[in-house]
Amino acid sequence: MISDTVYTKILTWFNAYTRSFIDSEPIEKRAATLKFDHTLLVVKNNSLLCDSISIDNKVRLLSDIVALLHDIGRFEQFKKFKTFADRHSVNHAELGIQIIKQHNVLEELEIEYQYLIQNAIMLHNVPSIPPETDGVQKLLCQLIRDADKLDIYRIASEHYKNPDSRDSRIIGIGVTEENTVSEEIVAAICAKKSVDYSQMKSINDFKLVQLGWVFDLNFTMSVHLITARNHYYDILNSLPRNKTTNAVVDVIEQHIKHVLKDFNS
Ligand SMILES: [Fe+2]
């Protein structure tokens with residue numbers, strides 16, 4: 001049965017499980033704290049998105065559980081590999097599912113709900129939702145992907161405003177600080193296509209990819225929040241501007257205007 005009580009039990013497990021990582025060595029403590037805070041803010045973002053649409057109560061509870069557990073693999077990933085870069089360690093979504101199973105976190109839920117939650121976690125970090133995904137599964141994927149991106153925008157904008165070497169090491173995704181922009185990235189974003197993350201070479205590529213996530217946002221509320229919270233503009237202002245970057249930014253901003261034209265009126 002899915003109920004508020006089940007969510008509270010899973011939250012209690014989440015707090016106890018993550019506590020053991022937060023009580024460890026300084027660098028791990030910092031990494032675990034960043035992910036703990038991130039998770040709680042993703043849960044909040046998810047609530048704001050749910051408030052903005054009409055959603056069944058059960059589906060809403062499922063989305064709360066997905067938000068709470070989507071990055072549960074991050075804690076073990078950092079402990080083992082000292083990085084959050086999946087390409088240099090493991091797929092953190094897969095690791096998360098293993099941990100959820102090992103700890104029987106979802107045991108009180110019907111099997112179909114367990115699948116819905118696990119699939120949404122598996123698909124939270126893929127470049128795009130597979131086209132055959134539909135119904136409640138699709139909605140759960142859309143919610144977690146937006147709620148997660150909204151908080152990654154926050155982390156990125158704070159990081160670009162105050163680059164702190166300690167957190168750079170933790171947040172680092174394995175790109176160079178070189179002041180270049182890759183043609184493949186520019187072409188993909190201008191065509192509103194999802195970017196192959198392995199093509200990212202420089203920090204500017206990473207910033208462009210983050211700005212281009214706007215095309216992948218599923219809810220008008222998400223686009224409203226990244227602009228109203230200024231996170232979009234903080235990333236934009238940290239990007240060196242030239243003919244190439246201006247062209248990409250133009251395409252992105254036209255899209256934002258289009259999406260928000262009815263929201264603000
Ligand atoms: Fe994640």
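Colleague: What makes α6 oblique to α7?

Modeller: This is a predicted model, and in it the axes of α6 (residues 111-122) and α7 cross at roughly 40 degrees, coming within 9 Å. Angles under 35 degrees count as roughly parallel, and 65 to 115 as roughly perpendicular. The α6/α7 angle fits neither class, so the pair is called oblique.

Colleague: And which hand does the crossing of α6 and α7 have?

Modeller: That crossing is right-handed. On the α6 side the contact uses Leu116, Asn119 and Ala120, and α7 answers with Val136, Gln137, Leu140, Cys141 and Ile144.

Colleague: How do the residues of that contact of α6 with α7 divide into nonpolar, polar and charged?

Modeller: Six are nonpolar, two are polar and none is charged.

Colleague: Why are α3 and α7 called oblique to each other?

Modeller: Much the same reasoning. The axes of α3 (residues 57-69) and α7 cross at roughly 45 degrees and come within 10 Å. Since under 35 degrees would be roughly parallel and 65 to 115 roughly perpendicular, α3 and α7 are therefore oblique. Here too the crossing is right-handed.

Colleague: Which residues of α3 and α7 meet?

Modeller: From α3 you have Val59, Leu62, Ser63, Val66 and Ala67, and they meet Val136, Leu139, Leu140, Leu143, Ile144 and Ala147 of α7. Sorted by type, the contact of α3 with α7 has ten nonpolar residues, one polar and no charged.

Colleague: How do you know that domain 1 touches domain 2, and how many residues are in contact?

Modeller: For two residues to be in contact, their C-beta atoms must lie within 7 Å. Nine residues of domain 1 are in contact with nine of domain 2. Domain 1 covers 4-148 and domain 2 covers 175-260, with 25 Å between their C-alpha centres.

Colleague: Which helix gives the most to the domain 1 side?

Modeller: α7 does, with three residues. Both α2 (26-51) and α7 (135-161) supply at least two residues there. That side of domain 1 divides into four nonpolar, three polar and two charged residues.

Colleague: Now Thr227: why does Thr227 count as partly exposed?

Modeller: Thr227 has 19 C-beta neighbours inside 10 Å. Buried would take 20 or more, and exposed would take 12 or fewer, so Thr227 ends up in between, as partly exposed.

Colleague: Where is Thr227, and what is Thr227 in contact with beyond its neighbours within four places in sequence?

Modeller: Thr227 is in helix α11 (residues 220-228). Beyond those neighbours, Thr227 is in contact with Tyr232 and Ile256. Leu260 lies 33 residues from Thr227 in sequence, with 10.0 Å between their C-alpha atoms.

Conventions:
Residues are numbered from 1 along each chain as its sequence is written. This is a predicted model: local features need pLDDT of at least 70, side-chain atom pairs count only at pLDDT 80 or more; totals for chains, interfaces and linings use all residues. Domain bounds come from an automatic or database domain assignment. Ala, Val, Leu, Ile, Met, Phe, Trp, Tyr, Cys and Pro count as nonpolar, Asp, Glu, Lys and Arg as charged, and the others, Gly among them, as polar. Axes are lines fitted to C-alpha atoms, for helices over the stretch in contact, and angles run from 0 to 180 degrees between N-to-C directions. Angles under 35 degrees count as roughly parallel, over 145 as roughly antiparallel, 65 to 115 as roughly perpendicular and the rest as oblique. A crossing is left-handed if the near helix is turned anticlockwise from the far one by less than a right angle, and right-handed if clockwise.
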